[in-house]
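Biologist: Could you take me closely through one part of this model, strand by strand and contact by contact, and then show how that part is connected to what surrounds it?

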Amino acid sequence: MDEGPIELVGSVGPLDTVVVALREFLHRSGAVRAVAVVDREPGEGPAVVDCGRLAPIEVDFGDRIVHLPHSIELDAEPPALPEVRLMPPFEVDPAGGEIAAPVGGVAHLAGAVRELAAVLGGRNVAMVQFATNDPEAPLAITARADGSEPIVLAIGDEEFPMDPGWP
């Protein structure tokens, strides 16, 4: 399928609030990428909003992909976001599934991503990637807004579902 040129837009309508939330969380947390899978109106598939550090924000509606400039001002207020501390890049061993981090660092970020997902509401999903010592293996934390599934940590391609109720 020929993708063709990607459309540059100045708004994604009701998803502007999601864009603002992801971008603000990205900047506060020092993450390298924040992504949300967001339910839309009945009959429409979910949209994927992908906000990378210093990159255009991409919104995939399923039938078309649009970009917004990263620094665009949108007519949307950021929702109340969780407190999140900047962490240094984590030391990871993808093969062994090991993470070396400041005490409580992973739990803190996992809780913040879970709260970000809750801000998105419904059954929406938030996934945030954080820098590690291995650029090919970022630490990704994924949470569903309604808490119906465990938080999942991933180092590169290796996934590790957390115990229910963690952190």
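Modeller: I will start with strand β4, residues 57-60, bearing in mind that this is a predicted model. The side chains alternate along β4: Ile57 and Val59 are buried and point to one face, whereas Glu58 and Asp60 point to the other face and are not buried.

On one side, β4 is joined by 3 bridges to strand β3 (residues 47-52), and the two run antiparallel. Within this pairing, Asp60 in β4 has Val48 standing opposite. The hairpin of β3 and β4 has 4 residues between the strands, and Leu54 in this hairpin takes a positive phi near 55°.

Strand β5 (residues 65-68) is also antiparallel to β4, and 4 bridges join the two. Here Glu58 has His67 in β5 as its bridge partner. β4 and β5 likewise form a hairpin with 4 residues between them, in whose turn Gly62 has a positive phi of about 95°.

The loop between β4 and β5 also takes part in a salt bridge: Arg64 pairs with Glu7, and their closest N and O atoms are 3.0 Å apart. Because Glu7 lies in strand β1 (residues 7-8) and Arg64 in that loop, the pair ties together parts that are 57 residues apart in sequence. Glu7 is partly exposed, with a relative accessible area of 38%, and Arg64 counts as partly exposed as well, at 42%.

Strand β3 has a salt bridge of its own, in which the side chains of Asp50 and Arg33 meet at 2.7 Å, N to O. Asp50 lies in β3 and Arg33 in strand β2 (residues 33-38), so this pair ties together parts that are 17 residues apart in sequence. Asp50, at 16% relative accessibility, counts as buried, while Arg33, at 28%, counts as partly exposed.

As for the setting of these strands, the buried residues of helix α1 pack against β2, β3, β4 and β5, and also against α2 (105-120) and β8. Those buried residues are Asp16, Val18, Val19, Val20, Ala21, Leu22, Arg23, Phe25, Leu26 and Ser29. Since 10 of the 14 residues of α1 are buried, the helix is largely enclosed by the rest of the structure. Its length can be checked as well: at 1.5 Å a residue, the 14 residues of α1 (residues 16-29) should span 20 Å, and the end C-alpha atoms are 20 Å apart, which agrees. Just after α1, Gly30 takes a positive phi of about 75°.

Looking beyond this part, a search of the whole structure finds 6 salt bridges. One of them joins the side chains of Glu149 and Arg144, at 3.1 Å, N to O. Glu149 counts as partly exposed at 42% relative accessibility, whereas Arg144 is buried, with a relative accessible area of 19%. Both belong to a network of salt bridges that links Arg123, Arg144, Asp146 and Glu149.

A last point of reference is Pro135, which is placed in the loop between β8 (125-130) and β9 (139-144). Pro135 is exposed, with a relative accessible area of 74%. Its C-alpha atom is separated by 26 Å from that of Val20, 115 residues apart from it along the chain, and Val20 is one of the buried residues of α1.

Note on methods: Residues are numbered from 1 along each chain as its sequence is written. This is a predicted model: local features need pLDDT of at least 70, side-chain atom pairs count only at pLDDT 80 or more; totals for chains, interfaces and linings use all residues. Side-chain values use heavy atoms; hydrogens and water are left out. Buried means under 20% relative accessible area, exposed over 50%, partly exposed in between (1.4 Å probe, protein chains only). Two strands pair if DSSP finds at least two bridges between them. A salt bridge is a side-chain nitrogen of Lys or Arg within 4 Å of a carboxyl oxygen of Asp or Glu. The expected span of a helix is 1.5 Å times one less than its number of residues. Contact means heavy atoms within 4.5 Å.
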